[in-house]
Protein chains: 2
Amino acid sequence: MATIKDVARQAGVSVATVSRVLNSAGYVHEDTRKKVEDAILALNYSPNEVARSLYKRKSKLIGLLIPDITNPYFPQVARGVEDEMRENDYRIIIGNSDENEQKELDYLQTFTQNNVVGVITLTNNPDTNTYTSFSLPVVFLDRTSHDKPSVYADGRQGGRLAAEAIIAGGSKEVTIMQGPAHVKPAQDRYQGAVEALEEAGMDYHVIQTSTFSFHNVDVLAKNLFDTYPSTDGVIASNDLAAIAVIHEAVKRGRRVPDDVQIVGFDDIPISGLLSPALSTIRQPAYEMGRAAARLLIHLIDNKHNMENYIQFPVEYIERNTTRKVARN
Amino acid sequence: MATIKDVARQAGVSVATVSRVLNSAGYVHEDTRKKVEDAILALNYSPNEVARSLYKRKSKLIGLLIPDITNPYFPQVARGVEDEMRENDYRIIIGNSDENEQKELDYLQTFTQNNVVGVITLTNNPDTNTYTSFSLPVVFLDRTSHDKPSVYADGRQGGRLAAEAIIAGGSKEVTIMQGPAHVKPAQDRYQGAVEALEEAGMDYHVIQTSTFSFHNVDVLAKNLFDTYPSTDGVIASNDLAAIAVIHEAVKRGRRVPDDVQIVGFDDIPISGLLSPALSTIRQPAYEMGRAAARLLIHLIDNKHNMENYIQFPVEYIERNTTRKVARN
DNA sequence: TTGTACGCGTTATCAG
DNA sequence: CTGATAACGCGTACAA
């Protein structure tokens, strides 16, 4: 790797001059600039970001902490973050926390050790000391905090919409899957669903779910139908769960949506391709990722002209796991 | 952030000594070690990786270049890479190339600019100048190269297995989806399928597909049935395509697998949860990611005691989109 | 308009 | 066993 010194020598100038043309700072004669640029090309030089970062005490790196990239919802948001960051010349270090506080801490430390200029985190513990005493700008994505910059979807409204869809479709014995207790947005959805159901004067069952991963959703779905075999409407905690529920329902010979309606949450990309295609509440994951990235960049640049709490609306996507109803 | 100097001052020793205890290098008296450790704790010090990296000209970072994290196959391999790397104290910078050579180059540059010690890449262009003249250890994942360290699955065999499954299930008019021309493993699968079909003396159609992304698989599937409406067996280029094919088939009132058999490729996590669950050729994506990481670490450590070409076997997973046949 | 010299936080060498 | 000190590659006063 060529260094700035090599370029300087090749161009017959000092390193300071090279640095100047590199950063288009200060004055530099047109001719010398040309010489330097030629040298750069000739040597295929590109500046060492590490040295730069050491000197400036900040890099062009940001940290992204997600629960588990393997969960189909997260790649969308990760991609949104990445795209926006890339357009602004930032790169990302990524870590999977598995919702494990130790891993979370480890990664946060890695981030600071590498001079990242900010982090975007999808955490269940926004209010722990970890974050409150964190010295860099942090944007909380998906899992909100009151007084800190955050980007999230209107989970409560999402829960309502889901319940309303199920109700409109005529289900009489609804079961709500109440996502993991420690996952805030899951509880919001649950809240919203409960509210709508109660306002409609409907009875409902609740199934507690402890995880959002692939491994357990199938047993969860079994569980659901074992416990409430005659349920005819399921408000799933997310699309993954919903898919498992469809699977289990079909396996038990129950027709979807004729015998059981099912509505998911997230609208992961696969949902529209299922058979039957999943009716669900859409969160704009990709856009949320982008928004979080934009917000973080603003914070990094110390621009405080941006709203710190960005709530995204949520939308009911009617597909084929709910019964069509006439709309007015 | 406390620096090594702060620690030295606090402990009443020189930075050299602190460095020694940090790296457990050289001799340091038990008592002084204690003092230093106390100081470290007191100041909540952790070494600046950037400075370290500058001096040693290498970091604890590796670069991971994938086509698109949004495609459900890749998170698995990314996760495998991450887990293995993490266990070895490496962290990863991730980039989505979108199979775009410019982006690929950009990221490769970022990687070197940040002193990564190696890269794992899923690229279609392993033999371009980009890589042949790359100065760091590189492991090619999934998309192979002859003479360079690589980890891949036996796509050809996979294609055969897929075809054999379809044949065994009794399909008479098979259609093969031939993945993107520039994606080597897709062509391998195609090869294998063709071979098996021809050996069995069967006729078949071919549908050319140009991408692996979510956006186009549905029109692809439409296309397939528009062109070959009476096809009764589809060998999909991957699970995503297969899912779209199921969707389209069901939409057209064709029963799966009674009227059409379908077999996928990859075995992405969702495949087993579909209804009907997808019969597919399994590639151990997560393990492949891990293997690539291990291989890269070996290369970094200059251990040449490891096989440089790691081929993973592939496996037919019979689920419900193929007809059950008696096995001997 | 250009060059010299210092510092960013570490590690390694070498003298003590 | 310990402490100065020179690098690592870059950016920026400050001087010229």
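Q: What makes the pair formed by B:Ile4 and a phosphate oxygen of DNA strand C a polar contact?
A: In this predicted model, a backbone N or O atom of B:Ile4 lies 2.6 Å from that phosphate oxygen. The cut-off for a pair of N or O atoms is 3.5 Å, so the pair counts as a polar contact.

Q: How do you know that A:Arg57 makes a polar contact with DNA strand C?
A: A polar side-chain atom of A:Arg57 is 3.2 Å from a phosphate oxygen of the strand. That is within 3.5 Å, so this pair counts too.

Q: Which part of DNA strand C does the side chain of B:Tyr55 meet?
A: An N or O atom in the side chain of B:Tyr55 is 2.8 Å from a sugar or linking oxygen of DNA strand C.

Q: Which elements give two or more residues to the surface near DNA strand C?
A: From chain A come helix H2 (15-23) and helix H4 (49-56), and from chain B helix H1 (4-11), helix H2 (15-23) and helix H4 (49-56). H2(B) gives the most, with four residues.

Q: What kinds of residues make up the surface near DNA strand C?
A: There are 12 nonpolar, eight polar and five charged residues.

Q: Why is the relation between chain A and chain B called a two-fold axis?
A: A rotation of 180° with 0.0 Å of shift along its axis superposes chain A on chain B, with an RMSD of 0.0 Å. That is the relation of a two-fold axis, which is why the name fits.

Q: Which C-alpha of chain A is nearest the axis?
A: That of A:Ile93, 2.3 Å from the axis.

Note on methods: Residues are numbered from 1 along each chain as its sequence is written. Chains are lettered from A and ligands numbered from 1 in the order in which they are written. This is a predicted model: local features need pLDDT of at least 70, side-chain atom pairs count only at pLDDT 80 or more; totals for chains, interfaces and linings use all residues. Side-chain values use heavy atoms; hydrogens and water are left out. A polar contact is a pair of N or O atoms within 3.5 Å; within protein, one must be able to donate a hydrogen and the other to accept it, and residues adjacent in sequence count only if both atoms are side-chain atoms. Ala, Val, Leu, Ile, Met, Phe, Trp, Tyr, Cys and Pro count as nonpolar, Asp, Glu, Lys and Arg as charged, and the others, Gly among them, as polar. Copies are superposed by least squares on the C-alpha atoms of residues with pLDDT of at least 70 in both.
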